[in-house]
Structures are given as C-alpha cells and as structure tokens.
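These entries record what I looked up in one model. I took a loop, then a helix pair, then the aromatic rings.

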Amino acid sequence: MLVGAVAGGAAAWALHLLHTAGREYTITVGGVVVGALLTGAADFYRRTVRLTEIRVSVPQLSELTFVVNDDARQVSWQLFVESVTRISTQRLNDDEGLIREALTSLYGLFATTRDILRTTRPSAGGNGITVEYLAVNLLNRELRPFLSKWHPRLREYETFFPDAPEAEWSDAAECRRHLALVQAHTREYVMGFARLAGVRDPELMMGGIDTPGHGAADTPPRP
C-alpha cells in the first residue's frame, strides 16, 4: 500500500510538471510512454499467445500439467532434437555396443541440455511447472547420479587395464542393467519434450530409439 501510494503521488507530480512545462513536452513524453506500453504488451502477447495445457507422465515425477506457449515449444523442440539424435537413448543388449560410448553420449546430452537451459530465457508456466523444470529433473534425477557412479569406475578399469576388452570388466553387467534403466527413463523424458513441442508423431521420429513397432533409424545417431 505504501509503495502504491508513493508511486501514485510521484505519477501525479510528474503529470503536473509536464502540464506546466508545455504542450510539446507532454506530447513527447506521452509518446514515449505509449511506445513503451505497446512494446511491453506486444512482448507479453508473444510470450503468452497459444497457451496450451498438456499433461506429461515421466519417471519419479508422476503426471505433471504444463501450460506451454511458443517459447516453451521452441525450448522443448531443441531438447527433443538433441535427445533423440544421440545413442544415449538407444537400448543396448548385453552383447551390443560399448558402455564407454553410451556414457560419452550421456555426458554430451547432459552438457547440451545444460547449455540450452543457460542460453534460453525461462518460459512461462503455471505453478512453476515448465519445460525447464522437466529438463533439470532429467539432469539431476537420471543422468547425474548414473554418471557420477559409473564414470569413475569405468575410467579406473580402463586406466589399470588399457588393453583389456570392456566385456571383461567385472562391473559390466551391473552397469548395463543400470544403463538400461536410465535409458528407459530418458526416453520418457524425450517423449515429454516431444509432447510439449507439439510433435505429432514422436514415436516415428524416435524410430532410432527402438520404440515398440518401429525399427532402427537409417542414419546413425550422434555419440
């Protein structure tokens, strides 16, 4: 109330000064104020236009309700593309692929996601549930714990046995089981990004992620 009273008094005094200063100053300042208001209104409209309520279910977070606008859709699309084109989201059978490649890909996904969040301004969302919230949970609940546990162990094995095949690592089977769980959870986040971005057929675009009913992608994904 005090701030409002002070602001109102200051505005009234400013109008009085403008009135006494002359018509040309009043018109000039009025134009500046109108221009600023129109710019703010246009920016607000751009950020809130096409608001859509979307429900997304992801591991450990149950079902979340997002209110997305164009900014949120753009960020979601970037996160979806960066995630879907990496081998970190591909299932690895016990006799396929290398754990090192999967870990390197997860590190790349972690770094890229963090860069996207750092270089884009926060999107608007109801109750603080935004695409950024979803992405941060992917980093902190899924990728960070897995990498913090298994990267040092694998690096230690590679250091002591540089010429030994990865399959001889005593923790390989356990790491692959944990990796499969993280990849499954990551795919759910990727589907969430797709829904928030408005992707019509994310399963088709995620064919390279070995989703049910679709084969592997023709173009190999990035590490």
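**Entry 1: a loop proline.** Where does Pro-165 lie? I worked on a predicted model, and I found Pro-165 in the loop between helix H5 (131-160) and H6. I then checked its exposure: Pro-165 has a relative accessible area of 43% and is therefore partly exposed, since that class runs between 20% and 50%. I also looked up its distance to Leu-98, which is 67 residues apart from Pro-165 along the chain. The C-alpha atoms of the two residues are separated by 9.9 Å.

**Entry 2: helices H4 and H6.** I noted beforehand that two packed helices are described by the angle between their axes and the distance between the axes. For H4 (residues 99-119) and H6 (residues 172-197), I read an angle of about 35 degrees and axes 11 Å apart. The crossing in which H4 passes H6 is left-handed. I listed the residues that make the contact: H4 contributes Ile-99, Ala-102, Leu-106 and Leu-109, while H6 contributes Ala-172, Cys-175, Arg-176, Leu-179 and Thr-186. Sorted by class, the contact has seven nonpolar residues, one polar and one charged.

**Entry 3: a ring pair within H3.** I searched for aromatic pairs and counted four. In one of them, Trp-77 and Phe-80, the ring centres are 5.8 Å apart. The planes of Trp-77 and Phe-80 meet at 35 degrees, so I recorded the pair as tilted, the class between 30 and 60 degrees. Both residues lie in helix H3 (residues 70-84), three residues apart, which is about one turn of the helix. Which of the two is buried or partly exposed? Trp-77 is partly exposed, with a relative accessible area of 39%, whereas Phe-80 counts as buried at 0% relative accessibility.

**Entry 4: a ring pair between distant parts of the chain.** I turned next to Trp-150 and Trp-169, whose ring centres are 5.9 Å apart. Their planes stand at 85 degrees, so the pair is edge-to-face. Trp-150 is in helix H5 and Trp-169 in the loop between H5 and H6, 19 residues apart, and the pair links distant parts of the chain. Trp-150 counts as buried at 0% relative accessibility. Trp-169, at 6%, also counts as buried.

**Entry 5: the surroundings of Trp-150.** I followed the ring pairs further and found that they link Trp-150, Tyr-157, Phe-161 and Trp-169 into a cluster. I also recorded a charge at Trp-150: the charged end of Arg-153 sits over the ring, 4.8 Å from its centre.

Definitions and conventions:
Residues are numbered from 1 along each chain as its sequence is written. This is a predicted model: local features need pLDDT of at least 70, side-chain atom pairs count only at pLDDT 80 or more; totals for chains, interfaces and linings use all residues. Side-chain values use heavy atoms; hydrogens and water are left out. Axes are lines fitted to C-alpha atoms, for helices over the stretch in contact, and angles run from 0 to 180 degrees between N-to-C directions. Helices (H or I, at least four residues) and strands (E, at least two) are DSSP runs, numbered from the N terminus. A crossing is left-handed if the near helix is turned anticlockwise from the far one by less than a right angle, and right-handed if clockwise. Contact means heavy atoms within 4.5 Å. Ala, Val, Leu, Ile, Met, Phe, Trp, Tyr, Cys and Pro count as nonpolar, Asp, Glu, Lys and Arg as charged, and the others, Gly among them, as polar. Buried means under 20% relative accessible area, exposed over 50%, partly exposed in between (1.4 Å probe, protein chains only). Rings of Phe, Tyr and Trp (its six-membered ring) pair if their centres lie within 6.5 Å; planes under 30 degrees apart count as stacked, over 60 as edge-to-face and the rest as tilted. A charge sits over a ring if NZ of Lys or CZ of Arg is within 6 Å of the ring centre and within 35 degrees of the ring normal.
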